[in-house]
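Please open the model in your viewer and keep the sequence panel beside it, since each stop of this tour begins with a selection. The stops are meant to be taken in order.

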Amino acid sequence: MERYIGRDLARPDGPAKVEGRAVYVADLDVPGAWVGGVVRSTVARGLLLGLDFDPGFDWRTVAVATAADVPGENVVALIADDQPLLVAREIEHWGEPLALVAAPDELQLARALAAVRPRIEARAACFDLERSPRVFKSIRVAQGDAGAVFRDVPPGARVVEGTYRTDSQEQLYVETQGFVAFPPASDGSVTVRGSLQCPHYVQKALARALGIAPEEARVVQLATGGGFGGKEDYPSVLACHAALLARVARRPVRLILGRHEDLAVTPKRHPARVRVRAAFAADGTGLALEADVLFDGGAYTTLSPVVLSRGVLHASGPYRWPAAEIRGSVVATNHVPYGAFRGFGAPQTCLAIERLMDRAARELGIHPFELRLRNALRPGDTTVTGQRLEHSVGSLEVLEAIARRTGFDRHAWGAPHAESGPRRRGLGFSFFFHGAGFTGSGEELLRGRVSLALLPDGRVEVLAGSTEIGQGTQALFTAIAAEALGADAADVVLATPDTARVPDSGPTVASRTCMVVGGVLAAAAAELRQRVGDGAASWRERARAFLAGGGDGAVTRAYAPPPGARWDEHSYRGDAYPVYGWAADVAEVFVDEDTGEVDVARLWTAVDVGRALQPRLVTGQIEGGALQAVGWAHREVVSARDGRCEQDRLATCIVPTTLDAPRFDVTLVEVPYPGGPFGAKGVGELPMDGGAPAVLSAIEDATGIHPAQVPATPERILDLLVARAEEAHA
Amino acid sequence: MKPIFDESDPVELRLCVNGAVRTLCVPPLRRLLDVLREDLRLTGTKEGCGEGECGACTVLIDGQAVLACLTAACSAEGSEVVTIEGPGFERARREFLEHGAAQCGICTPGMIVMTRAWAEACRRDGIEPTEDGARAALAGNLCRCTGYGAIVAAAVSTAREGFP
């Protein structure tokens, strides 16, 4: 009988958050700390000829750092080493850091920043992903001979094609990014505390930039006010800047971005253009798929190769394709570098394939639900990488659940409307999957670790690098540890993610914290339980007796890939992910044909999460992710002019409010995954994938137009409505 | 970096914060937000944007919800200021925890303060607390984690106290 699995545990981080006691980076009281700021490029591409310092300013009152002051390598260490910490000569994007300043207070800092005059020679910049001169990474996935099917279309078969575009999107964590860095200790070690998702990423970056060993760089996570991927890679930049300033100023430095600066310079979702075509037999059976995926990576590599990989691997949708060819490239432009955002490349390609399925349904005269059902991957099927799906394939279960809940399978989608007046109602549909954990051999190479330490009083301390960023890591890990130990939740203590204390569990990304790190935690706890032994006495009594008898209460376990998993990085064949989450959405919208405004009234979603270890947390992830998806679908505009973000404040960077959010209806479907803790698999990103295609599908149902770009803003909808009206006249 | 509003000479200011009278010497147009967070070290009130768009800095002045980032400290002279650290939030805090309405927590203090202001307005004016009412009351408070459903439910439960 399980005590903690499937039952909601009180969040350990909850009381401090509702009482205002949780300490975020801006709340940290650091006596003697100076404030830091960044001198930034005002052009998207150019040469930094020099930095002039106004002689009228007293420079002895502040500390300044330039590229020449970087003690280690002038790089932001991540995948490639192409991004400098501070520009030495070549400027590649607007807002690129040129110099750093620290001052005793905000006023003096503002004066100092204004007294630095960069001399810049502007150069021609590229902002068009289709005209980029440089490719960061290309990937090809192929199976069978898709080209042959399109060259020689079988009799009765039909080819459907489309080009779909998605714009960028801002994560909009409500806490801006920030760090406090401390000057080097006498032994040369450096400490930073901040808002972040991945402490060990920051640690590696600090070591490279400061020229110290990783263990000499200590990274401590503070309460973190949202991340959504936005605090995956950029904290490495900010922590290095803060540490460099603390070193030069010889005192602690707080470097906390204001909202304008955060919006203007931190990485957002990759804009994309996806061309896709598919051949279907007359009965709707998919015969072949071709997709051409193009992502704008911005000025530097950052995480783009991995984002592209996930985008390409999700371009097939959750469907059987006997033949497929998917090509993808991520290219360089002079936009601010794009980075991680929940979904990580998949929402872009999911939008394309789901829009194409709607178009195919219309052209084939088959109900869109029926077309998905006919082509849905089922247990025993293989994906376009040749991965045979054996475990936890909830595809048919989520389709059945969403149909039961909404009746969409009987809705006359796309039929002409009888309504009078401008306000049109529509229902739209999407079916999608999302690979949980890292792509390919990622988890095997990383071998994320978790440690447990038995404390003298018999409690168990969990040491993991996974961060609590709101999703509920603390409650989840407490529940998993208590269940696997056979102990009370009160017997479990969680260590703060502090690289001086916790092992590298891998980053808090890729829907991997529950399934991968939680799995390692459960295995470690099972091992400790075996050592301590079961019995009638309480856990703490048994644990204390075990320690008194000289028992070793320290356990460390590392991730072990499922037996038989294989992946070829070169050919992109094999098991692309350990397992997939499956989901289907139905959106209800009202479209005003006079204004192009869209109101998303309701969103139903059925989600296969394997097992909902903490149902309230899972629902929170699904509703929160779905609202981000709905916002992206029609409301959240992110654009750049001459490489500069046009929505650099909350007055223009619009995200949904309580009044904009649809009413959610979440159905949890549980098809347990034997490779995850207590049957769980990842859920964090999955809900981001399906919202936009469902909303666009609903707009099509309401109006008859086929929106092919996200966000479907009123302006874009009006353009399509006008074009439709002109077509009707002609 | 945050905006600087007032470089003028400090003046003496008396504020009643969470029931205690505090005497400060600050520039008259210093933001109430900075007085609370920096001078009084009451850091439960959060800054999300500094220009009145996100609601994270919501506090009560004489029972009215105001944005501390847009309020000059001197304008609160002689008023009762209540922040998330103050008394009277027990019910709302409990409801937020029970509904799973706090995730990352950065919008939570502002949400809870606004919930209380709305709940008290409902009681005072005898308005039945509804989901639509809660959504209208909380429309100025941004949350990026929850999708709002849990927050709205927690707010309605809070405000229903005292209603049949």
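Begin by selecting Leu206(A) in this predicted model, and display its neighbours beyond four places in sequence, where you will find Val190(A), Val192(A), Ala217(A), Ala239(A), Cys240(A) and Ala243(A) in contact with Leu206(A). Leu206(A) belongs to the largest nonpolar core, a set of 296 residues, and is listed with Ala239(A), Ala242(A), Leu245(A) and Leu521(A) as having the most contacts inside that core. Select next residues 234–249 of chain A, which are helix 5, because this helix supplies the largest share of the core, 12 residues. As background, nonpolar side chains in soluble globular proteins tend to be buried together.

**Chain A as a whole**

Now colour chain A by secondary structure, and 17 helices and 28 strands should appear. Its C-alpha trace spans about 75 × 75 × 50 Å along the principal axes, and its radius of gyration of 26 Å agrees with the value near 27 Å that a compact globule of 730 residues would have. Of those 730 residues, 60% count as buried. If you draw the contacts in chain A between residues at least 6 apart in sequence, 82% of them join residues at least 24 apart.

**The seven-stranded sheet of chain A**

Select the strands of chain A in the order 3-5-1-12-9-10-11, and you will have an open sheet of 7 strands with mixed pairing. Strand 3 (63–65) and strand 11 (217–221) of chain A stand at its edges with a single partner strand each, so one side of each is left without a neighbour in the sheet. From one strand to the next, the twist averages 25°.

Within this sheet, zoom in on strand 9 (residues 178–181) and strand 12 (residues 253–256) of chain A, which pair in the antiparallel sense over 4 bridges; Phe179(A) has Leu255(A), in strand 12 of chain A, as its bridge partner. Then add helix 2 (residues 106–114) of chain A, which packs on the sheet by touching strand 1 (34–40) and strand 5 (97–103) of chain A, with a direction at about 145° to that of strand 5 of chain A. Helix 4 (residues 199–210) of chain A is the next selection: this helix lies across strand 10 (190–194) and strand 11 of chain A, and runs at about 150° to strand 11 of chain A.

**A three-stranded sheet of chain A**

Select strands 4, 2 and 6 of chain A, which form, in that order, an open sheet of 3 strands with antiparallel pairing. The edge strands here are strand 4 (90–91) and strand 6 (116–122) of chain A, each of which pairs on one side only. Strand 2 (residues 46–53) of chain A is joined to strand 4 of chain A by 2 bridges, and Leu47(A) has Glu90(A) as its bridge partner there.

**Over to chain B**

Hide chain A for a moment and show chain B, which has 5 helices and 5 strands, arranged from the N terminus on as β-β-α-β-β-β-α-α-α-α. Its radius of gyration, 16 Å, is close to the 15 Å that the globule rule gives for 164 residues, so chain B is as compact as a globular protein of that length.

Which residues of helix 1 of chain B are buried? Select Leu32(B), Leu33(B), Asp34(B), Val35(B), Leu36(B) and Arg37(B) to see them; with 6 of its 8 residues buried, helix 1 (residues 32–39) of chain B is largely enclosed by the rest of the structure. The buried residues of this helix pack against strand 2 (20–26) of chain B, and just after the helix Arg41(B) takes a positive phi of about 55°.

Move on to strand 3 (residues 58–61) and strand 4 (residues 64–67) of chain B, an antiparallel pair joined by 4 bridges, in which Val59(B) stands opposite Val66(B). Their hairpin has 2 residues between the strands, and Asp62(B) takes a positive phi near 50° in it. Strand 3 of chain B is also joined by 2 bridges to strand 5 (residues 80–82) of chain B, again antiparallel, with Leu60(B) opposite Val82(B).

**Where the chains meet**

Finally, show both chains together and select the contacts between them, in which 43 residues of chain B meet 46 residues of chain A. Helix 2 (90–98), helix 3 (108–125), helix 4 (131–137) and helix 5 (149–159) of chain B each supply at least two residues of the side that touches chain A. Coloured by residue type, that side of chain B divides into 22 nonpolar, 11 polar and 10 charged residues.

Terms used
Residues are numbered from 1 along each chain as its sequence is written. Chains are lettered from A and ligands numbered from 1 in the order in which they are written. This is a predicted model: local features need pLDDT of at least 70, side-chain atom pairs count only at pLDDT 80 or more; totals for chains, interfaces and linings use all residues. A nonpolar core is a set of buried Ala, Val, Leu, Ile, Met, Phe, Trp, Tyr and Cys residues joined through C-beta atoms within 7 Å. A residue is buried if 20 or more other C-beta atoms lie within 10 Å of its own, exposed if 12 or fewer, and partly exposed in between; C-beta atoms are placed from the backbone. Two residues are in contact if their C-beta atoms, placed from the backbone, lie within 7 Å. The radius of gyration is taken over C-alpha atoms; the globule rule is 2.2 Å times the number of residues to the power 0.38. Ala, Val, Leu, Ile, Met, Phe, Trp, Tyr, Cys and Pro count as nonpolar, Asp, Glu, Lys and Arg as charged, and the others, Gly among them, as polar. Two strands pair if DSSP finds at least two bridges between them. Axes are lines fitted to C-alpha atoms, for helices over the stretch in contact, and angles run from 0 to 180 degrees between N-to-C directions.
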